[in-house]
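Subject: Structure for your files

Dear colleague,

Please find the structure below, with notes after it. Let me know if anything needs a second look.

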There are 2 protein chains.
Amino acid sequence: MCSPSATLAPSSTASEFVSALLAEGLLIDTGVPGVFGKNGAFEAVVRGIDALVEAAAEDMRPELVRFPPVIPRSLIERSGYLAGFPQLIGAVHSFGGGDADHASLLRAVEQGGNWGEFLSSTDVVLTPAACYPVYGMAAGMLPPEGRVVDAASYCFRHEPSSEPGRMQIFRMHEVVRLGDPESCVAFRDEWLSRGESVLHEIGLDVRCVPANDPFFGRRGRLLAATQREQALKFELVVPITSVELPTAVASANWHQDHFGELFGIHDASGATAHTACVGFGLERITLALLRAHGTAPERWPRAVRSALQL
Amino acid sequence: MCSPSATLAPSSTASEFVSALLAEGLLIDTGVPGVFGKNGAFEAVVRGIDALVEAAAEDMRPELVRFPPVIPRSLIERSGYLAGFPQLIGAVHSFGGGDADHASLLRAVEQGGNWGEFLSSTDVVLTPAACYPVYGMAAGMLPPEGRVVDAASYCFRHEPSSEPGRMQIFRMHEVVRLGDPESCVAFRDEWLSRGESVLHEIGLDVRCVPANDPFFGRRGRLLAATQREQALKFELVVPITSVELPTAVASANWHQDHFGELFGIHDASGATAHTACVGFGLERITLALLRAHGTAPERWPRAVRSALQL
């Protein structure tokens, strides 16, 4: 199904792959690891994947919402994210001083100093996952049938890396289920199968594996083990920089009543709601396609181009 | 041309307009001023405007590039933005500590304290304008004919406001010219006229006015006056929350050799390049349409719906 391209053998290294993407102009270097510009050809593929995910969700008649790439600081405080993933946070700081402080700030900039100390917290942080603002929006009582929400946004995770598959800022398209436990488990399992179909359709060699989130620190190792033990999270993995260690390009999660409890979401019976979500990483799927079919999308197999509306 | 809708009289106040948008679900409140979610109807209009701008630029055969909503800190340091607009900056801070610092951070969160002090600067800041990464990318020598680049991204400006037309985070679609002074002035003037046509086509009552950027502090007042005196910046304004004080929905700027100098961009003759750009505010244009034609896009005039591919 997944035929490695002529231009990029499966044994080529991660750094050869990045060099090829930069040389073709598909990625544009900014000088910061994991922060890339993209050209029109790359973006056309992203749009195609986006549309495939939207189409795969269509029969569930999701509410479509789009939040910007920053969310309220209060939302992240409430969400438990700072307990689990402080190392990935992107808090937005700004300048509130007068002319004198401004002069000091500019002096620090000029001397290559740390001008961050002249800034202070704002009310927003970068969105860590497209589904977070959905839980904030859903606080209160759900309708009897629960809710299905289609959300997508740029997400930030502070993990600078030279691996193209680990960008600090990337787009995630999610479908979120809020309702009773049974409907959430069924939703997650249904989406593992739909996700596999979508990725197969565009010629990707996908596998489904149990997974855990990258929880922080000592306590985090315990959380990760529990998450695996309870079989809450699964990832769809595809070769990008390594065939032996394929990269997660999508994941499906059952959060039990974690977000329902934190955000005060109740089902129609008054019980704390359960939630589940499936997320597709648009840049990672694009990279997997470029790896599988070669770095010239105009020469990809006709069926793949047609599925992506290229 | 611009017929006020039946549902929203031109005399309705700004807060009545916001209430109507929230009630219809077009905007979704997040609790932070100027940070809104949007529903599918709002997003369809945004996509329509985006496509109109792309089509208006087509005969210039621009290179299409898309950068994420964060850019390198070094780029913003080099750009002069911190001299002109420190009050609008959004610098991204993250957590680099260990388990003990993490415990202190979580205590601060729990006590409603300032956990920002446990964070430090990262290598990125939020994108203030879609064209900034283009100047970074263009450092070096231009081809003989210069360059035309189509760029779009979410932009952040820290100015919390209850006015729907002044979002902290919004999308800007820009076309950028890099070349000699004559081509840049001609580009700016051409785009004032094209911009007016695009906005007229969708039934907006647009006017072109001279303008200046919101430079910071004492020195800023002088910079703003000079910018007006030299007639460098023009805005296309349309009524959103007030007919008397219309809102800028697009602007066209000639930067002279400001960015060419800062980023080391040269034309083929070796002279410092000039630059110009036109930027369309996608949320503001959508709001202007909702103000002009009413808050139900499915009842907008047929010609407007057709132009927006609704």
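The notes below deal with the two domains of chain A and the contact between them.

This is a predicted model: local features need pLDDT of at least 70, side-chain atom pairs count only at pLDDT 80 or more, and totals for chains, interfaces and linings use all residues. Residues are numbered from 1 along each chain as its sequence is written, chains are lettered from A and ligands numbered from 1 in the order in which they are written, and side-chain values use heavy atoms, with hydrogens and water left out.

Domain 1 of chain A covers 4-90 + 128-307, and domain 2 covers 92-126; the bounds come from an automatic or database domain assignment. Taken over C-alpha atoms, their centres are 33 Å apart.

In contact (heavy atoms within 4.5 Å) are 9 residues of domain 1 and 7 of domain 2. The two domains bury about 800 Å², 61% of it on carbon and sulfur atoms; this is the accessible area (1.4 Å probe) lost on being put together, summed over both parts. On the domain 1 side, A:Val70, A:Arg73 and A:Gly90 lose the most area, together 56% of what that side buries.

A:Arg73 also forms a salt bridge with A:Asp123, with the closest N and O atoms 3.7 Å apart. The count of salt bridges between the domains is 1 (a side-chain nitrogen of Lys or Arg within 4 Å of a carboxyl oxygen of Asp or Glu).

Regards
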